[in-house]
Amino acid sequence: MPKPAKKKLKAALGRFIDKKAQTDKLLKHENLESKRKEKPKKSVNIQAVPFPFSIEDTILLIGEGNFSFARALGNLLGTGSSIIATCLDSEEVLKTKYDDAEKLMAEFKEAGGVVLFEVDGTKLDKLKEIKGKRFTRIVFNFPHAGAGIKDQDRNIRVNQVLMRDFFASAVGYLTSRQSGDPVDGEIHVALKTGKPYDLWNLKELAKSSRLITKTSFPFLPEKYPGYEHRRTLGFKEGLSVGDNEEITSKNPRTYVFSFPPPDEEDVKKKKRSAELADENNDNNIRKSYRRR
């Protein structure tokens, strides 16, 4: 027997209400998602971002552009005497690429800093000025091969080779508790985020040199008053992007790499061996005096 028309209408109305409720729920969820995505990014609290240097540090800067970072760091520490700042260019080329470089270098050197030209960060063993030295901080801000390759895959590969070779070169000049130094040094690399930089796989490249990623934090130019980012290709007033806009728009971060925590027993053994060697040297000196 067919259902009365009234019951059919009621059933259809019920289905319509259920469907509408589901649709409303879906639309509400989509609107919330849309608002969440459109929500502006919170500004970074400058006080919450660490200043990762101290007066006790020995610092090697790789790939400086106009030396504004070196000058700013020296000013913040109150001296540049513990900083060696290097660049790949010759002094002559550097001054043609960056109009303000000469003034900034002069101020940095006046504060006690050392400037070295034509330094390849992937071949630090060729640099006689740092032979026998080790540093608690080795810094490479915004590295880039500057090869001008438009093909993204090739560009990424060229920069991966640059960073792999840099880590391999720098690791031998980093202080290490395994080698008897008081602290494990750190390599700091500041880099833009997003493509293609995220595809460099920086953390994996560091692993190839026995380094681990300790931490990362936003790179804020305002932490270094007077710092002005410069591209590898150079800077011309009125033509190039200023006010650090090129890096701040890419949410740059500083990645911190160091050695894995050493085995404490191994460290104690090495320390004791060094003490015994010193004692033996002292005994030999005393014996030589007695013979006289």
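Here is a chat between a student and a tutor about the fold, a helix and some aromatic rings of this predicted model.

Student: Before we start, what do the numbers rest on?

Tutor: This is a predicted model, so local features need pLDDT of at least 70 and side-chain atom pairs count only at pLDDT 80 or more, while totals for chains, interfaces and linings use all residues. Residues are numbered from 1 along each chain as its sequence is written, and side-chain values use heavy atoms, with hydrogens and water left out.

Student: Okay, how many helices and strands does the protein have?

Tutor: Eight helices and seven strands. Both are DSSP runs numbered from the N terminus: helices are H or I with at least four residues, strands are E with at least two.

Student: What makes strand 3 and strand 6 edge strands?

Tutor: Two strands pair if DSSP finds at least two bridges between them. The open sheet runs in the order 3-2-1-4-5-7-6, with mixed pairing. Strand 3 (114–116) and strand 6 (212–218) each pair on one side only, and those are the edges.

Student: And how do you know that strand 1 and strand 4 pair?

Tutor: Four bridges join strand 1 (residues 59–62) to strand 4 (residues 137–141), and at least two are required. The two strands run parallel, and Leu 60 has Ile 138 as its bridge partner in strand 4.

Student: What does helix 5 touch in the sheet?

Tutor: Helix 5 (residues 152–170) packs on the sheet against strand 1, strand 4, strand 5 (186–191) and strand 7 (253–258). A contact means heavy atoms within 4.5 Å. The direction of helix 5 makes about 160 degrees with that of strand 5; axes are lines fitted to C-alpha atoms, for helices over the stretch in contact, and angles run from 0 to 180 degrees between N-to-C directions.

Student: How do you know that the length of helix 5 agrees with what it should span?

Tutor: The expected span is 1.5 Å times one less than the number of residues. Helix 5 has 19 residues, so it should span 27 Å, and its end C-alpha atoms are indeed 27 Å apart.

Student: Why is Tyr 224 called buried, and what about Phe 51?

Tutor: Buried means under 20% relative accessible area, exposed means over 50%, and partly exposed is in between (1.4 Å probe, protein chains only). Tyr 224 has 6%, so it counts as buried. Phe 51 has 30%, so it is partly exposed.

Student: What makes Phe 51 and Tyr 224 a tilted pair?

Tutor: Rings of Phe, Tyr and Trp (its six-membered ring) pair if their centres lie within 6.5 Å; planes under 30 degrees apart are stacked, over 60 edge-to-face, and the rest tilted. Phe 51 and Tyr 224 are 6.0 Å centre to centre with 45 degrees between the planes, hence tilted. Both belong to a ring cluster with Phe 53, Phe 69, Phe 142, Phe 219 and Tyr 227.

Student: Why is the pair of Phe 140 and Phe 166 called edge-to-face?

Tutor: Their planes make 70 degrees, and the centres are 5.0 Å apart, so the edge-to-face label fits. Phe 140 lies in strand 4 and Phe 166 in helix 5, so the pair ties together parts 26 residues apart in sequence. Both residues are buried.

Student: Last one: how do you know that His 229 is buried?

Tutor: His 229 has 10% relative accessibility, so it counts as buried. This histidine is in the loop between strand 6 and helix 7. Leaving aside residues up to four places away in sequence, His 229 touches Phe 142, Asn 244, Glu 246 and Ile 247.
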